[in-house]
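Reader: I'm new to this structure and would like a close look at one part of it. Could you take me through the nonpolar core, and then tell me what sits around it?

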Amino acid sequence: MVTPYHTYKLISYVNASHAMRWKGGEGKQHNHTWEIVCEIHTKGDHMIIFNDLEKAVTEILSQINGKFLNDLDYFKKINSSVENVTEYLFDQIGPELKKLEASLIRIEVGESPTRFYCITVDD
């Protein structure tokens, strides 16, 4: 028998700008409406109130909303690429969800409707 996972899915949007760094210098600062999709597993059949999940995710996303990402400490020396933004958010959101007895098993971050980077883990 297959054991089902209980999965929540949250979609959030953040407005933030960044500038890519290249060997020849830094590119032009430009804005994105970043789309963040979080898939969250719970332990067993544990159910969580959506508002609690949204609050945990929103608190992390508020750290980058309206910001120039290159100015944040994390991105001072690391490029604020979609890949690195995804890594950053995964590392920040995961521990917050653990407090709710949940696990971030997939995050998708899109800088445009056609460009996403994803991280998926086994629960």
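Author: Here is a walk from the overall layout to the core, and then out to some charged residues.

Keep in mind that this is a predicted model. Let's get our bearings before zooming in. The protein is built from two helices and six strands. Read from the N terminus, the order of elements is β-β-β-β-α-α-β-β. If you follow the C-alpha trace along its principal axes, it spans about 55 × 25 × 25 Å. There are 123 residues in the protein, and 43% of them are buried. Take the contacts with a separation of 6 or more: 67% of these join residues 24 or more positions apart. As for the outside, the accessible surface is about 7500 Å², and carbon and sulfur atoms account for 51% of that.

Now for the part you asked about. The largest nonpolar core has 30 residues, and the members that touch the most others are I36, I40, L89, I93, L97 and I107. Several elements feed into this core: β1 (7-18), β4 (30-42), α1 (50-61), α2 and β5 each bring at least two residues. The top contributor is α2, which gives seven.

A good place to park your view is I107. Leaving aside residues up to four places away in sequence, I107 touches I36, V37, C38, T86, L89, F90, I93, Y117, C118 and I119. Three of those names, I36, L89 and I93, should ring a bell, since they are also listed with I107 among the core members that touch the most others. So if you centre on I107 and show what is in contact with it, I36, L89 and I93 will come up together with the rest of that list.

Next, move on to the charges. The protein carries 13 positive and 18 negative charges, and the mean positions of the two sets lie 8 Å apart. Side chains of opposite charge can pair when their charged atoms come close. In this model the salt bridges number four, and three of them are worth a visit.

Start with R106 and E108, whose side chains form a salt bridge at 3.0 Å from N to O. The two ends don't sit in quite the same class: R106 is partly exposed, at 23% relative accessible area, whereas E108 is buried, at 18%. The cut-off for buried is under 20%, so E108 falls inside it and R106 does not.

Then find E96 and K99, another salt bridge with an N to O distance of 3.0 Å. Here E96 is partly exposed, with a relative accessible area of 22%, while K99 is exposed, at 63%.

The third pair to look at is R21 and E26, where the salt bridge spans 3.5 Å from N to O. Both partners are partly exposed: R21 has a relative accessible area of 25%, and E26 comes in at 47%.

One last stop is E101. You'll find E101 in the loop between α2 (82-98) and β5 (102-112), two elements that each supply at least two residues of the core. The phi angle of E101 is near 60°, a positive value in a residue that isn't glycine. E101 is also partly exposed, with 47% relative accessible area.

Conventions
Residues numbered from 1 in each chain as written. Predicted model: local features only at pLDDT ≥ 70, side-chain atom pairs only at ≥ 80, totals over all residues. Heavy atoms only, no water. Helix = DSSP H or I, 4+ residues; strand = E, 2+ residues; numbered from the N terminus. Buried < 20%, exposed > 50% of the residue type's maximum accessible area, 1.4 Å probe, protein only. Contact = heavy atoms within 4.5 Å. Areas by Shrake-Rupley, 256 points an atom, 1.4 Å probe, with all protein chains shown as cover. Lys, Arg positive; Asp, Glu negative; His and termini not counted. Charge placed at Lys NZ, Arg CZ, Asp CG, Glu CD. Core = buried A, V, L, I, M, F, W, Y, C linked by side-chain atoms within 4.5 Å.
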